[in-house]
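Here is a short set of exercises to work through with the coordinates open beside you. Try each task first, then compare your route with the worked solution.

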Amino acid sequence: MSINKFNCEGYYDPTAYEALANIEKEEKEIKRFTEAKINMLGEIINSKFKTVKFKLYEKQINGVYAECCQATVEGVPYRDLNNAMKINAGLDIINTLQDYYDVYVPVFVDNKESVNELEEIKSQLICLEVTKDSNIKIC
């Protein structure tokens, strides 16, 4: 936004110029504050998780931040993860929420056959996996 020292009739008008300059200065300060708040909030929340990180805001083309909540692992969005990483990301989120609320419940993991190594979890883990056995095995 450009600020003109002259009014629409061409006369020098310092009052309007100063008011607009102050508004522009305040806009820049608000933008810096918002970016600092977004970064701080992201660091606080993401420090609670072991492998999952959350993208909480997305900078739009016009420079404004839009709220979002996208889980990522090593920068890869959850929707693009393979099945094993999706399962482990889910276990990381469950672990963090169980610790936060201090409530530990049994956790079911379906398609366990697609995971070589499961994320450690602090509660009972019940794994379901495809097998060629005709009988149910309890391990």
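**Exercise 1. Find how many disulfides the structure holds, and account for Cys68 and Cys69.**

Solution. Keep in mind that this is a predicted model.

Step 1: Start with the total. The structure holds zero disulfides.

Step 2: Check the sulfur of Cys68. The nearest cysteine sulfur belongs to Cys69 and is 7.3 Å away. A disulfide needs the two sulfur atoms within 2.5 Å, so this pair does not count as one.

Step 3: Look from the other side. For Cys69, the nearest cysteine sulfur is that of Cys68, again at 7.3 Å, and Cys69 is in no disulfide.

Step 4: Add the surroundings. Cys68 has a relative accessible area of 25% and is partly exposed, while Cys69, at 61%, is exposed.

**Exercise 2. Describe the fold pattern and the overall dimensions of the protein.**

Solution. Work from the elements outwards.

Step 1: List the elements. There are two helices and five strands, and along the sequence they come in the pattern α-β-β-β-α-β-β.

Step 2: Compare the radius of gyration with the globule rule. For 139 residues, a compact globule would come out near 14 Å, but this protein has 26 Å.

Step 3: Use the box. Along the principal axes, the C-alpha atoms fill roughly 90 × 30 × 15 Å.

Step 4: Turn to burial and contacts. Of the 139 residues, 20% count as buried. Taking contacts between residues at least 6 apart in sequence, 27% join residues at least 24 apart.

**Exercise 3. Characterise the surface and the charges of the protein.**

Solution.

Step 1: Take the area. About 11000 Å² is exposed, and carbon and sulfur atoms supply 54% of that.

Step 2: Take the charges. The protein has 17 positive and 23 negative charges, and the mean positions of the two sets are 3 Å apart.

**Exercise 4. Are Asp92, Asn95 and Gln98 buried or exposed, and which residues do they touch?**

Solution. For the contacts, residues up to four places away in sequence are left aside.

Step 1: Place the residues. Asp92 is in helix H2, as is Asn95. Gln98 is found in H2 too, a helix that spans residues 83–101.

Step 2: Apply the cut-off. Buried means under 20% relative accessible area. Asp92 has 2% and is buried. Asn95 is buried at 9%, and Gln98 is buried at 5%.

Step 3: Find what Asp92 touches. Its contacts are Phe49, Lys50, Thr51, Val52 and Glu119.

Step 4: Do the same for Asn95. This residue is in contact with Glu120, Ile121 and Lys122.

Step 5: Finish with Gln98. Its partners are Val103, Tyr104, Val105, Val107, Ile121 and Ser123. Ile121 is therefore a residue to note, being on the list for Asn95 as well as on that for Gln98.

**Exercise 5. Where do Glu74 and Asp102 lie, and what is the phi of each?**

Solution.

Step 1: Recall the background. Most residues other than glycine have a negative phi.

Step 2: Read the angles. Glu74 has a positive phi of about 55 degrees. Asp102 likewise has a positive value, near 55 degrees.

Step 3: Place them. Glu74 lies in the loop between strand S2 (65–73) and strand S3 (76–77). Asp102 lies in the loop between H2 and strand S4 (107–109).

Step 4: Check accessibility. Glu74 counts as exposed at 78%, and Asp102 counts as exposed at 60%.

**Exercise 6. How far apart are Asp92 and Pro14, and what surrounds Tyr11?**

Solution.

Step 1: Compare sequence and space. Asp92 and Pro14 are 78 residues apart in sequence, and their C-alpha atoms are 59 Å apart.

Step 2: Locate Tyr11. This residue is in the segment before helix H1 (14–46).

Step 3: Consider its cover. With a relative accessible area of 54%, Tyr11 is exposed.

Step 4: List its contacts. Beyond residues up to four places away in sequence, Tyr11 touches Lys5 and Phe6.

Conventions. Residues numbered from 1 in each chain as written. Predicted model: local features only at pLDDT ≥ 70, side-chain atom pairs only at ≥ 80, totals over all residues. Heavy atoms only, no water. Helix = DSSP H or I, 4+ residues; strand = E, 2+ residues; numbered from the N terminus. Rg over C-alpha atoms; globule rule 2.2 N^0.38 Å. Buried < 20%, exposed > 50% of the residue type's maximum accessible area, 1.4 Å probe, protein only. Contact = heavy atoms within 4.5 Å. Areas by Shrake-Rupley, 256 points an atom, 1.4 Å probe, with all protein chains shown as cover. Lys, Arg positive; Asp, Glu negative; His and termini not counted. Charge placed at Lys NZ, Arg CZ, Asp CG, Glu CD.
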